[in-house]
Amino acid sequence: MTDPSASTTPLRVAVIGSGPAGFYAAGHLLAEPSDRFEVDMFERLPTPWGLVRSGVAPDHPKIKSVTRIYERTAAHPRFRFFGNITFGQHISREDLLAHYHAIVYATGSPSDRPLGIPGEDLPGSHAATEFVGWYNGHPDHTDLEPDLLSSTRAIVIGNGNVALDVARMLVLAPTELAPTDTADHALEVLARSTIIEVVVAGRRGPAQAAFTNPELRELADLTDADIVVDPHELEMALAVADPDTELTPTAQRNIELLRAYAATPPSGRPKRIVLRFLLSPTALIAGDAGHLSAVEFARNRLVPGSGGGLRAQATDEHQTISTGLLFRAIGYRGIPLPGVPFDERAATIPHETGRVLDPATGAPLPGEYVVGWIKRGPSGVIGTNKKDAQETVDAIFADLPAADATDSSAAPALAHTPDTLDSTAIETLLRARQPALVTYSGWEAIDRHERALGEPTGRPRVKLTRIDELLRIAAAEEPSS
């Protein structure tokens, strides 16, 4: 076995997940001055970028330009990408510990948080995660069939950016959608949609809403939709002071924007987004055909919470709003990885400054780390992952032997020594278990193909949405096994 303390020994790191958190972690590792880190990235899909590709709204192309930073990381000579590899199926935690000094889990929060109310599974009720994946061309959600033709009103539950993205996508004019990379199957359905009103309902008030200022502000720029805020409801929701948000610039600016919307009469556009507050859904009601027909809400009031701040408390007042379409956008949720510690309550991997903790002892597990939403929960924007990843990478730097270490007995207590440092061994193992492995060259072939499809109509790309399509294009660039 190679001595891991030798100054020429490469320190090999496996990153599980290719979204922003994973790429920021890889970038920080490869920027380390000793040039001893080698990073291999594993991704379940044939394509990288995570939510930048499949979560960011198609009409936000500037946000997606962050991939240029990740492309520079991917071009590093000590970086490799292994796509179409499922953790727990093609590769295990034990396999990775045998081949790497460190594993960094960066799998995000791919599931949705349920409402936990009667009727949630009625036809017409969808998770926003599925709908976002559907219009973004995520292979997992290509076959979703949201019925946009049987109702004139949609309801979105949630007061965050995802809720606004869903609402905006439902009312965008065809001319606004045409130049985007919205999946073709979604473009066709959205163009024929009968939805003319989208109600966005949050259980707390506008001061506690999780909208970012740009997301809320840009609603005013919609071509076909007015933004409606009831002045009385808004001020009623603001009547109880919240010390936690009074000094927050984002919350204060959101309140200013909402008051401006409330003071602006509708201009007569054909569609509208209605922003509601202090409403919690209590039941989804079925119509005669068993399809969603209405949502029952409880009117809330804000009361002090036991841990500080304000919480929503239901009153005896109820309201029923008719609709055939509902999207729940109350948050993402992490899912457990085979063999990896998981906190079911928080839906994250338990950690201390990025070091994965043994649930039995509470002690860090040597060689195992976590970044991104699966580390801290689904919060922050894309850039938040950069600082988050740096914290974890700093822990890796502290735990692994220093570049000038010469005494193996002086290795840090949390150092992990793999069984082999042969960089070809893991690829041989992967190709034996998954012949359709996709390298970064394969992804570049997919990228070129999609961009070429979009070029004639001025779109950034036309996404391939089927795994078999993606693999067929990637295969042309893959080396013979």
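1. Contacts of Arg459. In this predicted model, Arg459 touches Ala178, Pro179, Thr180, Asp181, Thr182, Asp184, Leu187 and Gly454, leaving aside residues up to four places away in sequence. One of these contacts can be described at the atomic level: a polar atom of the Arg459 side chain lies 2.9 Å from the backbone oxygen of Thr180.

2. Setting of Arg459. The residue is found in the loop between α17 and α18. Is Arg459 buried or exposed? Its relative accessibility is 12%, and because buried means under 20% relative accessible area, Arg459 counts as buried.

3. The helices on either side of that loop. Helix α17 covers residues 440-454 and helix α18 covers residues 467-475. Their axes come within 7 Å and cross at roughly 110°. Angles of 65 to 115 degrees count as roughly perpendicular, and α17 and α18 are therefore described as roughly perpendicular to each other.

4. Residues between the two helices. On the α17 side, the contact is made by Gly442, Ala445, Ile446, His449 and Glu450. Helix α18 contributes Leu470, Ile473 and Ala474. Sorted by class, the contact of α17 with α18 has 5 nonpolar, 2 polar and 1 charged residues.

5. A second arginine, Arg12. This residue lies in strand β1, which spans residues 11-16. With a relative accessible area of 1%, Arg12 is buried, because the cut-off for that class is under 20%. Which residues does Arg12 touch, not counting those up to four places away in sequence? They are Glu38, Asp40, Arg80, His99, Tyr100, His101, Ala102, Leu421, Ser423 and Ile426. With Tyr100, Arg12 also forms a polar contact of 3.4 Å between the two side chains.

6. The sheet of β11, β12 and β13. This is an open sheet of 3 strands in the order β11-β12-β13, and the pairing is antiparallel. Why is one side of β11 and of β13 left without a neighbour in the sheet? Strands β11 (279-286) and β13 (310-322) stand at the edges and each has a single partner strand, so one side of each is left without a neighbour there. On average, neighbouring strands of this sheet are turned by 20° against each other, direction ignored.

7. The pairing of β12 with β13. Strand β12 comprises residues 292-304, and 10 bridges join it to β13 in an antiparallel arrangement. Within this part of the sheet, Ala294 stands opposite Ser322 in β13.

Terms used. Residues numbered from 1 in each chain as written. Predicted model: local features only at pLDDT ≥ 70, side-chain atom pairs only at ≥ 80, totals over all residues. Heavy atoms only, no water. Pairing = 2+ DSSP bridges. Helix = DSSP H or I, 4+ residues; strand = E, 2+ residues; numbered from the N terminus. Axes fitted to C-alpha atoms, helices over the stretch in contact; angles between N-to-C directions. Parallel < 35°, antiparallel > 145°, perpendicular 65-115°, else oblique. Contact = heavy atoms within 4.5 Å. Nonpolar A, V, L, I, M, F, W, Y, C, P; charged D, E, K, R; others polar. Buried < 20%, exposed > 50% of the residue type's maximum accessible area, 1.4 Å probe, protein only. Polar contact = N/O pair within 3.5 Å; in protein donor to acceptor, adjacent residues only side chain to side chain.
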